[in-house]
Amino acid sequence: MRDQPEAPKGHDDSESAVWTGRATNRVQWLLAAAGAACMALGIDLAVAHPWTSGIIPLVMSVVGCVAAGLLMLYGTVAFVHVAVRVDKETLEVRCGHIGLPRTRIPLAQVVDAAFAPRVTPRQWGGWGYRWRPEQGTAVVVRRGEGFVLRLGDGRSFTVTVDDAEAAVRVIRDRLGLAGGRTASV
């Protein structure tokens with residue numbers, strides 16, 4: 001079941017429950033389609049068109065279109081969704097369909113967790129895996145709710161995920177902290 005703690009089979013211990021959550025951005029599929037179109041254009045230029053002006057413009061056009069297409073395709077497909085998993089000892093964030101990039105944060109390094117009601121790509125400079133010196137690190141796949149972890153070394157880690165309040169409750173329970181709080185993002 002999505003966004004609900006589920007106990008492993010054969011265990012009744014609530015400490016061993018696993019919380020999972022996801023967030024998806026379907027708009028990014030449009031950008032992925034544009035990347036695929038750039039790649040197709042590059043292939044079409046290489047195969048179907050006679051180039052009378054020489055090989056250099058052909059190579060530049062084909063390589064440019066294919067490279068732009070690959071960058072757009074990977075850059076968007078990698079961040080179409082994020083999956084978050086919180087177990088007894090770690091928080092794991094996996095991006096995209098192949099789960100890369102992946103971040104694992106031991107809960108022993110987490111000092112606090114807070115609910116962020118409104119996280120936007122604009123705050124972080126776009127979608128994806130982001131770092132800003134004054135804000136920390138974030139995985140932003142869409143605008144909306146998320147959570148902010150405060151780590152023992154003073155850094156912060158923000159993730160956009162559905163039902164972020166439940167994630168904060170689970171993390172704070174694992175850390176032995178009472179109540180929940182809202183982050184100022």
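**Exercise 1. Across the sheet from Ala114**

Which residue in S8 does Ala114 stand opposite? Then trace the strand pairings that involve S8.

*Solution.* Keep in mind that this is a predicted model.

- Step 1: Look across from Ala114 and you land on Val148 in S8.
- Step 2: Put that pair in context: S5 (110–119) and S8 (144–151) run antiparallel, paired over seven bridges.
- Step 3: Now turn to S9, where Thr158 is the bridge partner of Val148. S8 and S9 also pair in the antiparallel sense, this time over five bridges.
- Step 4: Follow the chain from S8 into S9 and you'll find a hairpin with four residues in between. Gly154 sits in that turn with a positive phi of about 95°.
- Step 5: Check how covered S8 is: six of its eight residues are buried.

**Exercise 2. Sorting out the cores**

Find the largest nonpolar core, say what builds it, and then look for another one.

*Solution.*

- Step 1: Start with the general idea: in soluble globular proteins, nonpolar side chains tend to be buried together.
- Step 2: Here the largest nonpolar core has 29 residues, and Val84, Leu91, Phe147, Leu149 and Ile171 have the most contacts inside it.
- Step 3: Ask who contributes. Strands S1, S2, S3, S5, S8 and S9 plus helix H4 (164–175) each supply at least two residues of this core, with H4 giving the most, six residues.
- Step 4: Zoom in on Leu91. Beyond its neighbours within four places in sequence, Leu91 contacts a set of residues that includes Val84, Ile105, Leu107, Phe147, Leu149 and Ile171.
- Step 5: Apart from the largest core there is another, of six residues, among them Val119, Trp124, Val140 and Val148.

**Exercise 3. The two sides of H1**

Work out whether H1 has the span you'd expect, and where its buried residues point.

*Solution.*

- Step 1: At 1.5 Å a residue, the 21 residues of H1 should span 30 Å, and the end C-alpha atoms are 30 Å apart, so the two agree.
- Step 2: List the buried residues of H1: Gln28, Ala32, Gly35, Gly42 and Leu45. They cover an arc of only 145° around the axis, so they sit on the same side of H1.
- Step 3: Recall the helix geometry: an α-helix has 3.6 residues a turn, so residues three or four places apart point the same way.
- Step 4: Flip to the other side of H1, where Leu30 and Val47 are exposed.
- Step 5: For the cover, look at helix H2 (55–77), which is part of what lies over the buried residues of H1.

**Exercise 4. Two polar residues and Val141**

Show how Asn25 and Thr160 each reach the backbone of Val141, and decide whether they're buried or exposed.

*Solution.*

- Step 1: Place them. Asn25 is in the loop between S1 and H1, while Thr160 belongs to strand S9.
- Step 2: Apply the cut-off: buried means under 20% relative accessible area. Asn25 is at 7%, so it counts as buried; Thr160 is at 1%, so it's buried too.
- Step 3: Follow the Asn25 side chain to the backbone oxygen of Val141, at 2.8 Å.
- Step 4: Do likewise for Thr160: a polar atom of its side chain lies 3.1 Å from the backbone nitrogen of Val141.
- Step 5: Fill in the surroundings. Not counting sequence neighbours up to four places away, Thr160 touches residues including Ala23, Val82, Val139 and Gly146. Leaving out its own neighbours within four places, Asn25 contacts Val80, Trp127, Val141 and Arg142.

How values were computed: Residues are numbered from 1 along each chain as its sequence is written. This is a predicted model: local features need pLDDT of at least 70, side-chain atom pairs count only at pLDDT 80 or more; totals for chains, interfaces and linings use all residues. Side-chain values use heavy atoms; hydrogens and water are left out. A nonpolar core is a set of buried Ala, Val, Leu, Ile, Met, Phe, Trp, Tyr and Cys residues joined through side-chain atoms within 4.5 Å. Buried means under 20% relative accessible area, exposed over 50%, partly exposed in between (1.4 Å probe, protein chains only). Contact means heavy atoms within 4.5 Å. A polar contact is a pair of N or O atoms within 3.5 Å; within protein, one must be able to donate a hydrogen and the other to accept it, and residues adjacent in sequence count only if both atoms are side-chain atoms. The expected span of a helix is 1.5 Å times one less than its number of residues. The arc is that of the directions from the helix axis to the C-beta atoms. Two strands pair if DSSP finds at least two bridges between them.
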